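Here's a quick tour of the packing and the polar links in this one. Have a look at the model first, then read on.

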Amino acid sequence: GLTNPRGFAWSADGTLYLAQAGRGGDNHVAAMEGYTVDHGLTASVAVVADGCASPVVVGLPSVLWQEAGWVWGAAAVAFLGDDTYALLGGAGPNWLSPSSASGVYRLDGDGTMALIADISSWLPDHPPAEIPFDYQTDGSLFDLQAAGDALLLSEAVGGQLIRVTPAGEITTVADLSAGHPVPTGIAVDAEGNAFVGYLTAAPYPEGGAKVVKVAPDGTVSDEWTGLTVVTGVALGPDGALYAAEMATGLSSGSVELPAASGRIVRQTGPDSLEPVVTELPYPTAIGFDPDGNLVISGPAFGPDAGVGQGWIASVDPAQAPVSFAGFEPESKTC
């Protein structure tokens, strides 16, 4: 019953917080041919417990691109010290929300948020080295992860890995814009290395995505190649890298993503993998809960703006490979 679930994280007491991008809204704007957007205040952050999602913050900006079915809004949640942070996209002048900003917010525990890092204001003065045709200066913010005493976020379309401190200092850790790789999910190890997945730009090449390692000093190197449309990255309790592939079996030169062809894979070598979960409908984010179970959110998008179609699921990775085909969430009254 979720609506476009995105990134999630656990608090120190094991509470699961989840970002939902929303459905856009009732403000309909035909910006140009092929780009019609609905925007409103339907994104949110929720706590998930006993199969139910309880809202923590509601009424956040959300944008639906009708032709593609894609939605931007609340994108991820992260914890740093005693504070809870949310990454908000789909806000700012270029997203037709001039009174709001895309960026990092601190949740204040009373249903409100405080803007910590205004990415909408920062990006115009800090553009990527290679500006793609579909770039706009509010950014397309994707993931947020704690890294030492700061937070790392991915700006997907522009291709930057950005560091934000609790005091609001914003810096570029690595410019990943060359070739328009579309960086998405992030995982951070104990040494502060960030493992960043690439979605790649359309048309999406089968096996053309990868995970790169970004050292704390900004050095970038290939960590895992041969992947396809990566949306999520996680480090497992076994020390292995895991990745969410939004779809597989892509036709050469096509922008179509075959339905229920996504999967979660585990790295077995520099360019090899083994499936953990298969036949997934457009998985979005992955992580491991305190008990070592693999947790997955999805789908990334769906018909009817994805309203009520979202889910978050838990899988024991020791049972791999597991097929998602035929899975139906248990009906529950919340």
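What follows covers the nonpolar cores, two buried polar residues, the disulfide and some salt bridges.

A word on ground rules: this is a predicted model, so local features need pLDDT of at least 70 and side-chain atom pairs count only at pLDDT 80 or more, while totals for chains, interfaces and linings use all residues. Residues are numbered from 1 along each chain as its sequence is written, and side-chain values use heavy atoms, with hydrogens and water left out.

**Cores**

Let's start inside. The largest nonpolar core (buried Ala, Val, Leu, Ile, Met, Phe, Trp, Tyr and Cys residues joined through side-chain atoms within 4.5 Å) has 21 residues, and those with the most contacts inside it are Leu87, Val104, Leu144, Leu153 and Ile162. Several elements supply at least two residues each, including strands S7 (74–80), S8 (83–88) and S10 (113–118) and helix H1 (119–122). Helices (H or I, at least four residues) and strands (E, at least two) are DSSP runs, numbered from the N terminus. S7 gives the largest share of this core, at four residues. Apart from it lies another core of 17 residues, with Val47, Val77, Phe79 and Ala101 among them.

Back in the largest core, valine 104 is in contact (heavy atoms within 4.5 Å) with Leu87, Leu144 and Leu153, among others, leaving aside neighbours within four places in sequence.

**Two buried polar residues**

Threonine 184 sits in strand S15 (residues 183–188). Its relative accessible area is 0%, so it is buried; here buried means under 20%, exposed over 50% and partly exposed in between, using a 1.4 Å probe and protein chains only. Not counting residues up to four places away in sequence, threonine 184 touches Phe142, Asp143 and Tyr198, among others.

Serine 62, in strand S5, is likewise buried, at 1% relative accessibility. A polar atom of the serine 62 side chain lies 2.7 Å from the backbone oxygen of alanine 21, and a polar contact of 3.4 Å joins the side chains of serine 62 and threonine 42. Polar contacts are pairs of N or O atoms within 3.5 Å; within protein, one must be able to donate a hydrogen and the other to accept it, and residues adjacent in sequence count only if both atoms are side-chain atoms.

**The disulfide**

There's one disulfide in the structure, a term that means a pair of cysteine sulfur atoms within 2.5 Å. Cysteine 52 and cysteine 334 form it, with their sulfur atoms 2.1 Å apart. The torsion about the S-S bond is about -90°, so this disulfide is left-handed. Because cysteine 52 lies in strand S5 (residues 52–65) and cysteine 334 in the segment after strand S26 (322–323), the pair ties together parts that are 282 residues apart in sequence. Cysteine 52 is buried at 15%, whereas cysteine 334 is exposed at 67%.

**Salt bridges**

How many salt bridges does a search of the whole structure find? The search finds seven, each a side-chain nitrogen of Lys or Arg within 4 Å of a carboxyl oxygen of Asp or Glu. The table gives some of them.

| Pair | N to O distance |
|---|---|
| Arginine 23 and aspartate 26 | 3.5 Å |
| Arginine 106 and aspartate 108 | 2.9 Å |
| Arginine 266 and glutamate 274 | 2.7 Å |

Arginine 23 is partly exposed at 32%, while aspartate 26 is exposed at 68%. Arginine 266 counts as buried at 14%, and glutamate 274 as partly exposed at 32%. Asp238, Arg266 and Glu274 are linked in a network of salt bridges.
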